[in-house]
Amino acid sequence: MIKSELIHKIANTNPHLYHRDVERIVKVVFDEIVEALSRGDRVELRGFGAFTVKHRAARQGRNPRTGKSVSVAEKFVPFFKTGKELRDRLNRGKESH
């Protein structure tokens, strides 16, 4: 599902809201998640999951095309860990082996 599909689905299930208002709400929610992560905060949506930021240290990598060693700068990457309710819903009816 892409953002426009999410907006369309929310607007259809909430006919009392204008499409432009739903679009603004979704944008604000996503922007707030990004802002919180950029501050280094954790964003937890109970039952869905948690967004955090992980630090990746600088390292020596390898160019797969040439095999030449290259420096990879340190960086921060977003990380998502699913919540228990989401995992349970995804695995409902499936037995573990």
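1. Let's start with Asp41. At 32% relative accessibility, Asp41 counts as partly exposed. Its partner is Arg39: the two side chains meet in a salt bridge, with 3.1 Å from N to O. Arg39 counts as exposed, at 55% relative accessibility. Keep in mind throughout that this is a predicted model.

2. Stay in that stretch for a moment and look at Arg42. You'll find Arg42 in the loop between H2 and strand S1 (43–45). Arg42 is exposed, with a relative accessible area of 53%. Arg42 also belongs to a network of salt bridges that links it with Glu44 and Arg46. As for where the backbone goes from there, Val53 is eleven residues away from Arg42 along the chain, and the two C-alpha atoms are separated by 7.5 Å.

3. Now for the overall layout. What does the secondary structure of the chain come to? There are three helices and five strands. Reading along the sequence, you meet them in the pattern α-α-β-β-β-β-β-α. The radius of gyration is 19 Å, while the globule rule gives 13 Å for 97 residues; the chain's value is well over that, so the chain is more spread out than a compact globule.

4. Two other numbers help when you turn the model around on screen. The C-alpha trace spans about 60 × 40 × 30 Å along its principal axes. And how many of the 97 residues count as buried? The share is 14%.

5. One of the buried residues is worth a click: Leu37. You'll find Leu37 in helix H2, and at 13% relative accessibility it counts as buried, because the cut-off for that label is under 20%. Pro78 is 41 residues from Leu37 in sequence, yet their C-alpha atoms are 7.7 Å apart in space.

6. For a contrasting pair, try Val70 and Lys9. Val70 sits in strand S4 (residues 69–72) and counts as partly exposed, at 34% relative accessibility. Lys9 is 61 residues from Val70 along the chain, and here the C-alpha atoms are separated by 45 Å.

7. Back to salt bridges, since the count comes to six. Helix H2 holds one of them, between the side chains of Arg24 and Asp21, at 3.3 Å from N to O. Why are these two about one helical turn from each other? They are three residues apart in helix H2 (residues 19–38), so about one turn separates them. Both ends of this bridge are partly exposed: Arg24 has a relative accessible area of 49%, and Asp21 has 23%.

8. Helix H3 has a salt bridge too. Lys84 pairs with Asp88, and their closest N and O atoms are 2.8 Å apart. Both residues lie in helix H3 (residues 84–90), where four residues, about one turn of the helix, separate them. Is Lys84 buried or exposed? Lys84 counts as exposed, at 57% relative accessibility. Asp88 counts as partly exposed, at 41%.

9. Helix H2 also takes part in a nonpolar patch on the surface. Ile25, Val29 and Phe30 make up this patch, and together they have about 250 Å² of accessible area. Phe30 is placed in helix H2 and counts as partly exposed, with 35% relative accessibility. Patch membership needs over 30% relative accessible area, so Phe30 clears that cut-off.

10. Last stop: the charged side of the surface. Which residues form the positive surface patch? They are Lys54, Arg56, Arg59, Lys75, Lys81 and Arg87. Strand S2 (49–56) and strand S5 (75–82) are the elements that give two or more residues to this patch. Lys81 is found in strand S5. With a relative accessible area of 55%, Lys81 is exposed.

11. If you want a quick tour of the model, here are some places to click. Begin with the Arg39 and Asp41 salt bridge, then move to the network of Arg42, Glu44 and Arg46. Go on to helix H2 for the bridge between Arg24 and Asp21 and for buried Leu37. Finish with Lys84 and Asp88 in helix H3, and with Lys81 in the positive patch.

Conventions
Residues are numbered from 1 along each chain as its sequence is written. This is a predicted model: local features need pLDDT of at least 70, side-chain atom pairs count only at pLDDT 80 or more; totals for chains, interfaces and linings use all residues. Side-chain values use heavy atoms; hydrogens and water are left out. Patches are made of residues with over 30% relative accessible area and no salt bridge: like charges are joined within 9 Å, nonpolar side chains (Val, Leu, Ile, Met, Phe, Trp, Tyr) within 5 Å. Accessible areas come from the Shrake-Rupley method with a 1.4 Å probe; for residues, only the protein chains shown count as cover. A salt bridge is a side-chain nitrogen of Lys or Arg within 4 Å of a carboxyl oxygen of Asp or Glu. Lys and Arg count as positive and Asp and Glu as negative; His and the chain ends are not counted. The place of a charge is taken as NZ of Lys, CZ of Arg, CG of Asp or CD of Glu. Buried means under 20% relative accessible area, exposed over 50%, partly exposed in between (1.4 Å probe, protein chains only). The radius of gyration is taken over C-alpha atoms; the globule rule is 2.2 Å times the number of residues to the power 0.38.
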